[in-house]
Amino acid sequence: MTSRIPRDSRLRLVRPRPLAAAPSAVNQRRPRRPAPRPPEGTPAPAELARMARSGLADAARVAHWADDALRPGRDGTGSDGKGTLSDETARRAAEDLGLSAAQIRADWDTARLAGLVEVHGDSARPGWRLRAWDRDDSAVLRGWVALFDAWSLASPEPTDREPAAVAEVVSAMPQVLSFLQLSAGPVPVEQLLDLLEQRVTELRTERCEIPYGPQPEPVEEPAAADAPLAPLLDWSLHALASVGALTYGDGQATLTPLGSWAVWVKLEQICVAAQSPAGNIEVAADEMLRGCAQLRPNAARAEYRAWLAARPVGSAVTELLGAARGDDALLRGLAFEALRVVGAPAEPDVRSVADDSTLRPYALLWLAEHDGIDPEDAHEVLTREEATWLWVDTAAAVADHGEAPMLVRHLESALQPTVPALLAEVRAVGHPRTVQVLVALAAAHPDPALAKAVRRAAFQVHTGG
């Protein structure tokens with residue numbers, strides 16, 4: 001036998017490609033479902049868009065003012081770094097538009113929730129929907145649906161209620177809205193309260209877990225279950241009325257045409273998920289993501305949309321980020337694909353995890369794309385170390401869930417021009433799965449010399465050499 005000197009194998013430099021975008025080994029096909037039609041009497045999309053423009057006219061006015069006054073090079077000050085207007089900016093806007101500062105702040109918040117303006121640090125910029133506001137009905141309707149999804153943020157939460165009780169009511173309101181939509185007319189508040197109480201009871205029952213073995217004596221604590229729900233229903237209906245989803249008065253509530261259409265859209269998304277092969281609508285985020293792992297990108301995005309439609313946006317984003325923090329690198333990548341479907345409402349939460357070393361590369365790519373950078377170029381926001389960490393994390397996902405040829409192909413996406421340079425930088429970033437990734441790559445690669453070099457690197461990382 002003759003020994004072979006490991007070659008300085010050149011790697012083709014290719015743009016990183018998200019793992020979720022790779023074609024699945026299993027080609028899931030589903031029968032085409034006829035395009036559903038909205039209920040009889042639903043206004044045409046153009047009329048719905050006109051209603052949405054009318055309801056968001058004040059928010060659009062403030063957004064256009066911000067586009068003109070707060071753009072780079074102007075003297076205006078931006079937000080306070082938390083997404084709200086600074087006092088000076090609110091005062092200037094009130095003078096320019098002839099409104100009170102309180103009204104300016106309210107319209108600004110509405111514009112943010114509808115995606116008409118986007119706040120980044122201490123500066124504001126127009127959202128893409130504002131650019132398309134006068135010419136694209138679908139952009140207008142998406143903006144209004146984004147506001148509808150965020151109804152619980154449109155009005156301050158009751159300060160005299162337990163946060164757990166507020167969260168339960170927010171989670172139960174989709175069923176109340178569905179009942180209003182099916183009723184197609186005014187519904188007495190007493191009837192809605194009965195339905196809300198039933199749904200909250202179901203949620204508490206579903207959450208109940210009976211542990212095994214001896215347990216300590218329970219400690220008496222104030223329970224959200226003891227709080228009456230009528231004030232929280234009143235708050236919810238007022239909040240939904242403030243975004244234009246319903247009318248509320250004289251002891252009854254009625255969905256507006258926009259509200260009825262939006263609830264129908266959400267119900268259709270849920271029906272699509274219920275009929276899908278994966279059936280992900282009722283499962284937790286990690287299980288949903290695993291169910292989507294074998295779907296092609298378009299099918300996976302449809303599943304994400306349906307799963308998101310069945311939950312409050314805030315809790316869905318929290319659940320997705322929780323799944324991303326787990327040990328499964330594949331779920332990490334898929335969680336951020338699902339967060340791309342969420343869009344602007346997820347920005348504060350994604351920005352908040354940018355300092356988490358595990359999530360940082362994913363968060364920076366998400367934020368770059370959200371800021372309008374082409375996905376093909378978004379990787380340029382990463383440092384060399386962050387890009388290498390992401391390369392190892394993606395390789396871990398491939399090693400766990402993919403096939404050997406896919407892992408070998410992943411080698412070609414490395415930024416480093418040579419294998420020795422790649423191995424040196426992989427060792428330096430300290431990813432917890434480095435050893436397993438290198439061992440899997442050595443086992444998969446057909447070049448004996450390269451495989452030997454990779455195995456040696458894996459051994460050195462394992463022994464600390």
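This report walks through some features of a predicted protein model, from the whole chain down to single residues.

## The protein as a whole

Let's start with the broad view. The protein is built with 22 helices and five strands. It has 465 residues, and 44% of them count as buried. The exposed surface comes to about 24,200 Å², with carbon and sulfur atoms supplying 53% of that area.

How the chain meets itself is also worth a look. Among contacts with a separation of 6 or more, 67% are made by residues 24 or more positions apart.

## A three-stranded sheet

A good place to zoom in is an open sheet of three strands, which follow the order β3-β5-β4 and pair in the antiparallel sense. The edges are taken by β3 (187–188) and β4, and each has a single partner strand, so one side of each is left without a neighbour in the sheet. In general, strands of a sheet pair through backbone hydrogen bonds.

To trace the pairing yourself, begin with β4 (residues 246–249) and β5 (residues 252–255), which are joined antiparallel over four bridges. Here Gly249 has Gln252 of β5 as its bridge partner. On the β3 side, β3 and β5 pair in the antiparallel sense over two bridges. Gln252 appears here too, as Pro188 stands opposite this residue in β5.

## Two turns with positive phi

Strands β4 and β5 form a hairpin with two residues between them. Asp250 is found in that loop, and its phi is near 55 degrees, a positive value in a residue other than glycine. Is Asp250 buried or exposed? At 81% relative accessibility, Asp250 counts as exposed.

Ala184 is another residue to visit, in the loop between α8 and β3. Its phi is near 55 degrees, again positive in a residue other than glycine. Ala184 is exposed as well, with a relative accessible area of 71%.

## Helices lying across the sheet

Which strands does helix α8 lie across? Helix α8 (residues 163–183) lies across β3, β4 and β5, and runs at about 75 degrees to β5. Helix α10 lies across β4 and β5, where it runs at about 130 degrees to β4.

Helix α10 (residues 230–242) deserves a closer look. Its 13 residues reach 18 Å from the first C-alpha to the last, close to the 18 Å expected at 1.5 Å a residue. Several of its residues are buried, including Leu232, Leu233, Trp235 and Ser236. Leu237, Ala239 and Leu240 of α10 are among the buried residues too. Just after α10 comes Gly244, with a positive phi of about 90 degrees.

## A buried aspartate

One last stop is Asp67, found in helix α2 (residues 57–69). Why does Asp67 count as buried? Its relative accessibility is 10%, and Asp67 is therefore buried because the cut-off for that label is under 20%.

Which residues does Asp67 touch, not counting residues up to four places away in sequence? Asp67 touches Pro126, Leu130 and Arg131. As you explore the model, you can compare this residue with Asp250, which counts as exposed at 81% relative accessibility.

Key. Residues are numbered from 1 along each chain as its sequence is written. This is a predicted model: local features need pLDDT of at least 70, side-chain atom pairs count only at pLDDT 80 or more; totals for chains, interfaces and linings use all residues. Side-chain values use heavy atoms; hydrogens and water are left out. The expected span of a helix is 1.5 Å times one less than its number of residues. Buried means under 20% relative accessible area, exposed over 50%, partly exposed in between (1.4 Å probe, protein chains only). Contact means heavy atoms within 4.5 Å. Two strands pair if DSSP finds at least two bridges between them. Accessible areas come from the Shrake-Rupley method with a 1.4 Å probe; for residues, only the protein chains shown count as cover. Axes are lines fitted to C-alpha atoms, for helices over the stretch in contact, and angles run from 0 to 180 degrees between N-to-C directions.
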